[in-house]
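Me: I am new to this structure and would be grateful for a close look at a single part of it. Please explain how one helix and its surroundings are tied together by their side chains.

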Amino acid sequence: MWVENRRCEVWAMGVAGKALFLDRDGVINHEVGYLHTAEEVRWVEGIFELCRVAVGLGYRLVVVTNQAGIARGLYTEEQYEALTAWMLAEFVKEGAALDAVYFCPFHPEGVGKYKREHEDRKPGTGMLRRAAKELGVELGASVMVGDRCTDIAAANAAGLRRAFLLEGTETSGCKGEYKLVKTLHQVQEWLVVAAAASADEVAKGDGDLDGALD
């Protein structure tokens, strides 16, 4: 169903207890510089497989993306919406339908109505907290995959269980708690191990899952 907010928007379906939060540019698709057309999209290797596995493990798939290109006047919200609709359809074709896509078009160096600070803009936690409220997501059981320090900061501030930084964009590391990964397959492996460990720890009555995984 289509859910609209006058400031930031979301495509949302269903309710879940935990989510796999994904940044878009640099995690779902390769960075090309203010992406806004389907012709420019190059998928990051492993993204669809990761999402299929995550869904099978009970995660909802939620995209949280800053869209400074809108704020800077490089493309319109309508162009963004058209690209997002196309991407949603591609994920459905790949058997990994996204549950929600949140975006924030504001930037302090933007133009017109978009020139402002906003709690939804990462490292702000607004989009994550909106997902928790609107989709019934438990942030403490959820995971973030990003490629920038702003993704890590947002995940940490919102109290997510785990944050992954995909190698390549940041050259000097980030502050905060996260796991650096070279590929999305490593995130997939962690989700599988975590699920198996969770089941085992529940059976044993031992709650120190993260300690066992680390």
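Reply: A salt bridge here is a side-chain nitrogen of Lys or Arg within 4 Å of a carboxyl oxygen of Asp or Glu. By that criterion, Lys93 and Glu90 form a salt bridge, with 3.1 Å from N to O. The model under discussion is predicted. Lys93 and Glu90 are three residues apart in helix 3, so about one helical turn separates them. Their surroundings can be described in turn: Lys93 counts as exposed at 65% relative accessibility, whereas Glu90 is buried, with a relative accessible area of 16%.

Helix 3 spans residues 77-93 and also holds Phe91. The ring of Phe91 pairs with that of Phe48 in an edge-to-face arrangement, 4.9 Å centre to centre and with 65 degrees between the planes. Phe48 belongs to helix 1 (residues 47-56), and the two partners are 43 residues apart, so the pair links distant parts of the chain. Both Phe48 and Phe91 are buried. These two residues also belong to one aromatic cluster, together with Trp43 and Trp86. In the structure as a whole there are seven aromatic pairs.

Helix 1, the partner in this contact, has Ile47, Phe48, Leu50, Cys51 and Ala54 as its buried residues. Seen down the helix axis, these buried residues fall within an arc of 160 degrees, and they therefore line one face of helix 1. Just after helix 1, Gly58 takes a positive phi of about 95 degrees.

A further contact of helix 1 involves charged side chains. Arg52 meets Glu94 in a salt bridge, at 3.5 Å from N to O. Arg52 lies in helix 1, while Glu94 lies in the loop between helix 3 and strand 5, 42 residues apart. Arg52 is partly exposed, with a relative accessible area of 37%, and Glu94 is likewise partly exposed, at 34%.

The loop between helix 2 and helix 3 contributes another such link. Arg72, in that loop, is 37 residues apart from Glu109, which lies in the loop between strand 5 and helix 4. The closest N and O atoms of the salt bridge between Arg72 and Glu109 are 3.9 Å apart. Here Arg72 is partly exposed, with a relative accessible area of 32%, but Glu109 counts as exposed at 57%. A search of the whole structure finds ten salt bridges.

Key. Residues numbered from 1 in each chain as written. Predicted model: local features only at pLDDT ≥ 70, side-chain atom pairs only at ≥ 80, totals over all residues. Heavy atoms only, no water. Phe/Tyr/Trp six-rings, centres within 6.5 Å; stacked < 30°, edge-to-face > 60°. Helix = DSSP H or I, 4+ residues; strand = E, 2+ residues; numbered from the N terminus. Buried < 20%, exposed > 50% of the residue type's maximum accessible area, 1.4 Å probe, protein only. Arc of directions from axis to C-beta.
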